[in-house]
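Please load the model in your viewer and keep the sequence panel open beside it. The stops below are meant to be followed in order.

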Amino acid sequence: GGKMAVPIPEGLKAGDTFKIKMGGPDGVPPGPQQAQMVTIEVPEGAKPGQVLTMNGPMGEFQVPVPEGLKPGDKFNVRISGPTPEQQEEIKKKAIEARAMCQKAAEGGNPEAQCDLGEMSMNGYGTGEKDPKEGLKWFQASAAQGFPNGVYNLGLMYQNGHAGLKKDSKKAVELFEEAAEKVLGINKSTMLVLLVGICCDCCCSC
């Protein structure tokens, strides 16, 4: 994003179009390989030369602790995004992971069905988001009583995804069902707990 100034070439009039060439430093097109500066704090127990695995704006990367630094000290490191080869490897692994998950989901595993629903919603392993496919697998997972599947189905109704009509009442029912399965308490007990929490909050004010 951001603003830029572009001169209008000589001889053009209102409504005419023209092309401009955009690029990063030295004319290099901006992209995943463009470097970024990251500040790292040496964690407790780390020693010079020890390799740290960190999470940065472009994903996971490794960096050794420079000589002379101790825990609490900070240093800067320039990192770049994955190369085209690495991007292909990431894509390949995503496709393989999705295929394994789909096999388990089609075999009736409710957790895998829920995971596949999330993959479909995010386009993981396909590159394209597919809410309807996500809904299908959330419904399959919820039908078997898997809490996360029930909860995600509730979100689908709450937000009106995959062509569903927004239904807050249905969403709340599914959220309550998911909570009951996780916490092992029924709706009336949850209501008592909520009232108790509200009373405690009011009394403490």
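The tour starts with the whole chain and then goes through selected helices and the contacts they make.

**Whole chain**

Bear in mind that this is a predicted model. Show the chain as a cartoon and colour it by secondary structure. You should find six helices and four strands. Follow the chain from the N terminus: the order of elements is β-β-β-β-α-α-α-α-α-α. Now colour by accessibility. Of the 205 residues in the chain, 23% are buried. Among contacts with a separation of 6 or more, 41% are between residues 24 or more positions apart.

**Helix α3**

Select residues 131-143, which form helix α3. This helix has 13 residues, and its first and last C-alpha atoms are 18 Å apart, close to the 18 Å expected at 1.5 Å a residue. Show side chains for Gly134, Leu135, Trp137, Phe138, Ser141 and Ala142, the buried residues of α3. What do the buried residues of α3 pack against? Select α1 (84-106), α2 (110-122) and α4 to see the partners. Just past the helix, pick Gly145, which follows α3 and has a positive phi near 85 degrees.

Two residues of α3 are worth a separate look.

- Ser141: this residue of α3 counts as buried because its relative accessibility is 0%, where the cut-off for buried is under 20%. Leaving out residues up to four places away in sequence, Ser141 touches Pro110, Gln113, Cys114, Phe146 and Gly149.
- Gln139: is this residue of α3 buried or partly exposed? Gln139 has a relative accessible area of 37%, so it is partly exposed. Draw a distance from its C-alpha to that of Cys114: the two are 8.6 Å apart in space and 25 residues apart in sequence.

**Gly117 in helix α2**

Move to helix α2 and pick Gly117. Gly117 is at 0% relative accessibility and therefore counts as buried. Which residues are in contact with Gly117, leaving aside neighbours within four places in sequence? Select Gly134, Trp137 and Phe138 to show them. Each of these three is also among the buried residues of α3. A C-alpha to C-alpha distance from Gly117 to Leu135 gives 6.6 Å, for two residues that are 18 positions apart in sequence.

**Helix α5**

Select residues 168-183, helix α5; its 16 residues reach 22 Å from first C-alpha to last, close to the 22 Å expected at 1.5 Å a residue. Show Ala171, Leu174 and Ala178, which are buried. Why do they lie on the same side of α5? They cover an arc of only 65 degrees around the axis, which puts them on that one side. Add α4 (147-159) to the selection, since the cover over the buried residues of α5 includes this helix. Then turn the view to the face of α5 directed away from its buried side, where Lys169 and Leu183 are exposed.

Check both ends of the helix. At the start of α5, a side-chain oxygen of Asp167 comes within 3.3 Å of the backbone nitrogen of Lys169. After α5 comes Gly184, with a positive phi near 75 degrees.

**Between α4 and α5**

Stay with these two helices and show their aromatic side chains. The structure holds one aromatic pair. Tyr151 and Phe175 form this pair, with 5.1 Å between centres and 40 degrees between planes, which makes it tilted. The pair links distant parts of the chain, as Tyr151 is in helix α4 and Phe175 in helix α5, 24 residues apart. Tyr151 has 40% relative accessibility and so counts as partly exposed.

Next, select Lys170 and Tyr157. The charged end of Lys170 sits over the ring of Tyr157, 5.9 Å from the centre of that ring.

The last stop is the loop between α4 and α5, which contains Ala162. Ala162 is not a glycine, yet its phi is positive, at about 55 degrees.

Technical notes
Residues are numbered from 1 along each chain as its sequence is written. This is a predicted model: local features need pLDDT of at least 70, side-chain atom pairs count only at pLDDT 80 or more; totals for chains, interfaces and linings use all residues. Side-chain values use heavy atoms; hydrogens and water are left out. The expected span of a helix is 1.5 Å times one less than its number of residues. Buried means under 20% relative accessible area, exposed over 50%, partly exposed in between (1.4 Å probe, protein chains only). The arc is that of the directions from the helix axis to the C-beta atoms. Contact means heavy atoms within 4.5 Å. A polar contact is a pair of N or O atoms within 3.5 Å; within protein, one must be able to donate a hydrogen and the other to accept it, and residues adjacent in sequence count only if both atoms are side-chain atoms. Rings of Phe, Tyr and Trp (its six-membered ring) pair if their centres lie within 6.5 Å; planes under 30 degrees apart count as stacked, over 60 as edge-to-face and the rest as tilted. A charge sits over a ring if NZ of Lys or CZ of Arg is within 6 Å of the ring centre and within 35 degrees of the ring normal.
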